[in-house]
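Here are some short exercises to try with the model open in your viewer. Attempt each task first, then walk through the worked solution.

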Amino acid sequence: MEPRSTPADLRIDHAEWLLTLDRARRIVRDGAVAVGGGRIVAVGKTAEVAAAHPAARVIDGSGKVVTPGLIDSHIHTTFQLSRGLADEVGSKRFLFERMYPYEGALDEDDARASIELAVLELLRNGVTSFIDAGNYQPHLTAEVVGGAGMRGVVARSTFDVTRSALGVLPPAFIESTAEALEHAEAVVRKLDGAYQGRVRAWFQFRGLNNSTDRLIVDLKALADRYGVGLQTHACFARDTREASLAQHGVAEIERLERLGVLGPNVLLVHAGWATDHELEQLRQHDVKVVAAPSSSLHNAYGNIVQGHVPELLEAGVAVGIGSDHASSGIVDLCQEMFLAACAYKEARENPEVMPPERVLEMATVNGARCMLADGDVGALEPGKQADLVLFDTARPEWQPLYNPVANLVYSATGKSVDTVIVGGKLLVQGGRALTLDEDAIIERARRRAPEILRKTGLAGRVAPRWPVA
Ligand SMILES: [Zn+2]
């Protein structure tokens, strides 16, 4: 008997390797994905999927490794024009002498130029969803993400303690607890669910040492009321840990535990300096965690040497992966995966920790859990959003190709991304973005950067150290 055929809008046929990241972690040779109404309707062998799902449009996946769209669980989109502003500085100077002055100097045009560049770079490198770390222009992040056709979580940054043991915040960030709560809630009310649900809006406090107990507790209550996430940076360096001990007499995650705010909708970024007790709290409360290897390595935060990502993953904690910001150089999840896989091997003197399969899970299924969207994205399964990436294996770094997961994590970079599809729509083809004007974005970034540099007063910090003729 002929199987009943259900028409699809789009099909990707003949994928050389299809990494489904489904529950069984199936890998399909000569694989196909059929898409209807923006969602996946079938995944399997090309012959079977093609027979059952005739499609108006077919993309040839031969010579490609097809994966779920990558999920960057922590990126500061407004920091994209900060490359080169914070090299060779530790956490305290990174924040108070470089990044806060940079961020405080951004006007709307600067912020938009930075966000556009971030979104372009993420998309070109195969990221289909990301969690913005929170900024003062979440409406612009939403607008750019929405217009580009991607998915993103946005948040309004909040602080309500001007002076901490780490330093003093710039005047532009200073607001009362009530104002911070009011502004954050307005953003969630306005932006959560925008752009056909592709944009979500969450609550955020930027870091524990610049947040009162009241701000943290009230933000958590709001996150619960609106059914959204709450994110913060936590214990990412020796400095932040020591500041918490000095100001509150307890370490950062322990403080959150005492405040009763740990829970499954809480996302903690870095958490490298957590104690054993704190790690156990993360597990018990199903807290989500993000590792950001490049920023820790670039600014020597110690999250690899002190961190416990392999153990958290072993314990079933949802640990995603994030590129954090351009100030540490790369915004490429493939390169982040390499660092996550290899830096722990080096730190532990153990080549068996962090195999590539586990690291790819961080960038897909775990990222989906971090986004509180694991029913929707992160794997190629019927019913999920049709978010896919096609990596071009006709490149030197993919030869020879025995295990596509190993090549993807150990050899590839975002440069081998050929095609990106979000919700069944083609956003990148042949390595070029279709929904963003690449030339105009680069031109705007080049034009705004010198002006931002002038406003930050950091010009003397970025010149080459060698003589320039
Ligand atoms: Zn961050």
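**Exercise 1.** Work out which residues of strand S8 lie on each side, and whether those faces are covered or open.

*Solution.* Start with the two faces: Arg151, Val153 and Ala155 are on one side, and Gly152 and Val154 on the other. Every one of these residues is buried, so both faces of S8 are covered. Here a residue is buried if 20 or more other C-beta atoms lie within 10 Å of its own, exposed if 12 or fewer, and partly exposed in between, with C-beta atoms placed from the backbone. Strands (E, at least two residues) and helices (H or I, at least four) are DSSP runs numbered from the N terminus. Next, count along residues 151–155: five of the five are buried, so S8 is largely enclosed by the rest of the structure. A general point helps with the two lists: in a regular strand the side chains alternate between the two faces of the sheet.

Before going on, please note that this is a predicted model, in which local features need pLDDT of at least 70 and side-chain atom pairs count only at pLDDT 80 or more, while totals for chains, interfaces and linings use all residues. Residues are numbered from 1 along each chain as its sequence is written.

**Exercise 2.** Find which strands pair with S8, and in what sense.

*Solution.* First take strand S7 (residues 127–132), which runs parallel to S8 and is joined to it by three bridges. Pairing requires that DSSP finds at least two bridges between two strands. Within this pair, serine 129 stands opposite arginine 151. Then turn to strand S11 (residues 199–207), which pairs with S8 in the parallel sense over four bridges. There, glycine 152 has valine 199 as its bridge partner. Finally, add helix H4 (residues 138–148): S7, H4 and S8 make a right-handed β-α-β unit. Right-handed is meant as follows: with the strands pointing away from the viewer, the path from the first strand over the helix to the second runs clockwise.

**Exercise 3.** Check the backbone at histidine 270, alanine 300 and proline 400.

*Solution.* As background, most residues other than glycine have a negative phi, and most peptide bonds are trans. Histidine 270, in strand S13 (residues 266–270), has a positive phi near 85°. Its 26 C-beta neighbours inside 10 Å make histidine 270 buried. Alanine 300 also has a positive phi, near 55°, and belongs to the loop between helix H10 (293–299) and helix H11 (309–314). With 16 other C-beta atoms within 10 Å, alanine 300 is partly exposed. Lastly, glutamine 399 and proline 400 are joined by a cis peptide bond with omega about -20°. Proline 400 sits in the loop between strand S16 (388–392) and helix H15 (404–410).

**Exercise 4.** How does the radius of gyration of the protein chain compare with that of a compact globule?

*Solution.* Apply the globule rule, 2.2 Å times the number of residues to the power 0.38, with the radius of gyration taken over C-alpha atoms. For 469 residues this gives a value near 23 Å, and the 22 Å of the chain agrees. The C-alpha atoms fill a box of roughly 75 × 55 × 50 Å along the principal axes. To finish, 58% of the 469 residues count as buried, and the chain contains 17 helices and 19 strands.
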